[in-house]
Amino acid sequence: SFFRFSLFIPFCCGCLSRCHPPISVFSLRKMPTVLEKIDELIAELELSLNPASAVKASPSGAKPAIAPAASASTSKPKAAAPAGGEEGSGSELSKCCFRVGKILEAKAHPESEKLYIEQIDVGEGTPRTAVSGLAKHIPLSELQGRLCVVITNLEAKKLAGVLSACMVMAASEPTGEGGDPDARRLEIVDPPVGAKVGERITFSGHPGEPMEVIKGKHVKKVFQPVLDGLKTDESGVATFSGIPFMTSAGPCRAKSIKNGHIS
């Protein structure tokens, strides 16, 4: 190349001035050590001009090789995601994280007569805030200090101006009260006595880890099919397609609602 030749000429001139007797330029082709020296100089210059490159070690007598700059495919790997990761594993049900919670405090929402704001211990050290539509169905006095079932990996959303970071699960059945087809009776799904706050609810035949956060398209793809299959059975036990919500102390259930939808 022209670059190599331009280095070659002054280097050769210096060598020729020191030779006794003088030698011709063409005889330099028989001097491999000179050419190797020039190649080394070129490699050093290329490295100084392009710091992203690296000169690989080469065997004695071989030309140094210039390593190509790192490409996008060799970029730093992503940090490991929490248990289950971004996508989770297993079935849609196993990707949903249902846990035993304890309601530490419940109060009326200042801007909505239908809503309560609860502080719920889910075993994380810091309570989560939940906004639930229980105000017209369950007295506040029945919520204080009560165990409940919550889903903890739905994307947090603002409800009436308050960020809700988990969802309290309740069973419901239609009453038709006052001729209203939408009138319903609600009961919180209760974990059994002895269930541990923060433990994950399990479902037989559905191993796997939950998604980090269920959001966007995954709400319809993952959570909605699960929600459609949640109901209490003939004994009031909370189930997904007939499979009980299980804790270390036994199944979860509604107090009196049988064959009711859970949401």
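For the classes used below, Ala, Val, Leu, Ile, Met, Phe, Trp, Tyr, Cys and Pro count as nonpolar, Asp, Glu, Lys and Arg as charged, and the others, Gly among them, as polar. The structure is a predicted model.

By these classes, the lining of the largest pocket comprises 15 nonpolar, six polar and four charged residues. The volume of the largest pocket is about 480 Å³. It is lined by 25 residues, of which V131, L159, M167, V168 and S263 are the closest to its centre. Two or more lining residues are given by each of the elements β5 (128–132), β7 (157–159), β9 (167–168), β10 (170–174), β11 (184–188) and α3 (217–228). The largest share comes from β10, with three residues.

Five strands make up an open sheet with antiparallel pairing, in the order β5-β4-β3-β6-β9. Strands β5 and β9 are the edges, each pairing on one side only. Both of these edge strands are also among the elements that give two or more residues to the pocket lining. Within the sheet, β3 (residues 98–108) pairs with β6 in the antiparallel sense over five bridges. In this pairing, F98 stands opposite I151 of β6.

The loop between β6 (147–151) and β7 contains T152. T152 counts as buried because its relative accessibility is 8%, below the 20% cut-off. Apart from neighbours within four places in sequence, T152 contacts C97, R99, V122, R128, A165 and C166.

Aromatic pairs number three in the model. One of them joins F98 and F203 in an edge-to-face arrangement, with 6.0 Å centre to centre and 70° between the planes. F98 belongs to strand β3 and F203 to the loop between β11 and α3, so this pair ties together parts that are 105 residues apart in sequence. F98 is buried, at 0% relative accessibility, and F203 is likewise buried, with a relative accessible area of 8%. F203 also pairs with F245: the ring centres are 4.9 Å apart and the planes lie at 70°, so the pair is edge-to-face, the angle being over the 60 degrees required. This second contact links distant parts of the chain, since F203 is in the loop between β11 and α3 and F245 in the loop between β14 (243–244) and β15 (246–247), 42 residues apart. F245 is buried, with a relative accessible area of 0%. F98, F203 and F245 thus form one aromatic cluster.

Key: Residues numbered from 1 in each chain as written. Predicted model: local features only at pLDDT ≥ 70, side-chain atom pairs only at ≥ 80, totals over all residues. Heavy atoms only, no water. 1 Å grid on protein atoms, 1.4 Å probe; cavity = no way out; pocket = protein on both sides within 12 Å on 5 of 7 lines; lining within 4 Å. Points joined across faces, edges and corners; volume = space filled by probe spheres on them. Helix = DSSP H or I, 4+ residues; strand = E, 2+ residues; numbered from the N terminus. Buried < 20%, exposed > 50% of the residue type's maximum accessible area, 1.4 Å probe, protein only. Contact = heavy atoms within 4.5 Å. Pairing = 2+ DSSP bridges. Phe/Tyr/Trp six-rings, centres within 6.5 Å; stacked < 30°, edge-to-face > 60°.
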